[in-house]
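This report is an introduction for someone meeting the structure for the first time. Please look over the sequence and the model before reading on.

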Amino acid sequence: MLAGIPIFANLSPEHLKALEEVTQEIPLAKGSRLFAPGDPSRGFYVVRDGAVRVYGRTPQGKEITQEIADPGSAFALASIFAGNYHCYAEALKDSRLLLIKRQGFLGLVTGDKSFALEWMRLLSLMVINLRRRLIDLTLTPPKARIASYLLLLAEMQNSRSVALPVPRKELANFLGMTHETFYRIAKELSDAGLLRFAGQSVDILDQVRLAEITE
C-alpha cells in the first residue's frame, strides 16, 4: 500500500509494514472537505490518486492556498503532534487518500528510536522546503515562480510533457499570484516558444531557456 511513495522511500521493510498496519484508505469526492481548523487530528494523509488543496483563511476571509497535494504527496503531518488541524483541506478532484492514524503512528515513534529519527529527518526537510517556498513567494518574480514549478513537475514526473495537478486558477493561487497574471505570463512563455499549453498538460519546449528564467 505504501511502497513506492516518496516520503516512505527510506523506511526499512519492517517499518513500512508496521506503518501499513496503522494506515487506512479513504475516498474523498471532489469538493468535499476533509478537515477544518479545530477538528481533532485523525492523523496525516498521503494522496494516492487525485489532488487535495490545503488552505487557510485571513481574518478578512481571504483564502490562502498553503499546499496542493498531488499523488505521492503527504500533508497535515504537524497535526500528529499538535492534536488538532489548523487549516482546511478539500478535494480538488475525486481522490483516494491514505490516512496514517495518529495513535498508531505515535506508538511507532515512541516505541522505535530509529523510526523516530527517520521522521525527524523528514520533518526537517519539510521545514527547509517551506522556507524555500516562502522565499520564492516574497522575493521571486511571478514568471520565475511559474518556471520553477513547471521544472519541478518535469523532474517529479520524469517527462517534459507534464500534467498540472489542479486547474490553472488554483495553481495561480498556490504560486501567490492572480489568475490573470498567471494566464498573461503563460501566454508570454508560449509565444516565446518555451511552453505549449493544452488543457491540463504543458509541454516544455525549451528547458534550458526556462531554467534561465529561474536564475
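## Terms and overall layout

Two strands are said to pair if DSSP finds at least two bridges between them, and this is the sense in which pairing is used below. The model is a predicted one, and its chain is divided into domain 1, covering 6-138, and domain 2, covering 140-213. The C-alpha centres of domain 1 and domain 2 lie 25 Å apart.

## Strand S4 and its partners

Strand S4, made up of residues 52-57, is mostly covered, with five of its six residues buried. Six bridges connect S4 with strand S5, residues 63-69, and the two run antiparallel; within this pairing, Arg 53 stands opposite Ile 68 in S5. The hairpin of S4 and S5 has five residues between the strands, and Gly 61 there takes a positive phi near 95 degrees.

S4 is also joined by four bridges to strand S7, residues 88-91, again in an antiparallel arrangement, and here Tyr 55 stands opposite Tyr 88 in S7.

## The open sheet of three strands

An open sheet of three strands follows the order S9-S11-S10, and its pairing is antiparallel. Strand S9 (161-163) and strand S10 (195-198) stand at the edges with a single partner strand each, so one side of each is left without a neighbour in the sheet. Neighbouring strands of this sheet are turned against each other by 20 degrees on average, direction ignored.

Between S10 and strand S11, residues 201-204, there are four bridges, and these strands run antiparallel; Leu 195 stands opposite Ile 204 in S11.

Conventions: Residues are numbered from 1 along each chain as its sequence is written. This is a predicted model: local features need pLDDT of at least 70, side-chain atom pairs count only at pLDDT 80 or more; totals for chains, interfaces and linings use all residues. Side-chain values use heavy atoms; hydrogens and water are left out. Domain bounds come from an automatic or database domain assignment. Axes are lines fitted to C-alpha atoms, for helices over the stretch in contact, and angles run from 0 to 180 degrees between N-to-C directions. Buried means under 20% relative accessible area, exposed over 50%, partly exposed in between (1.4 Å probe, protein chains only).
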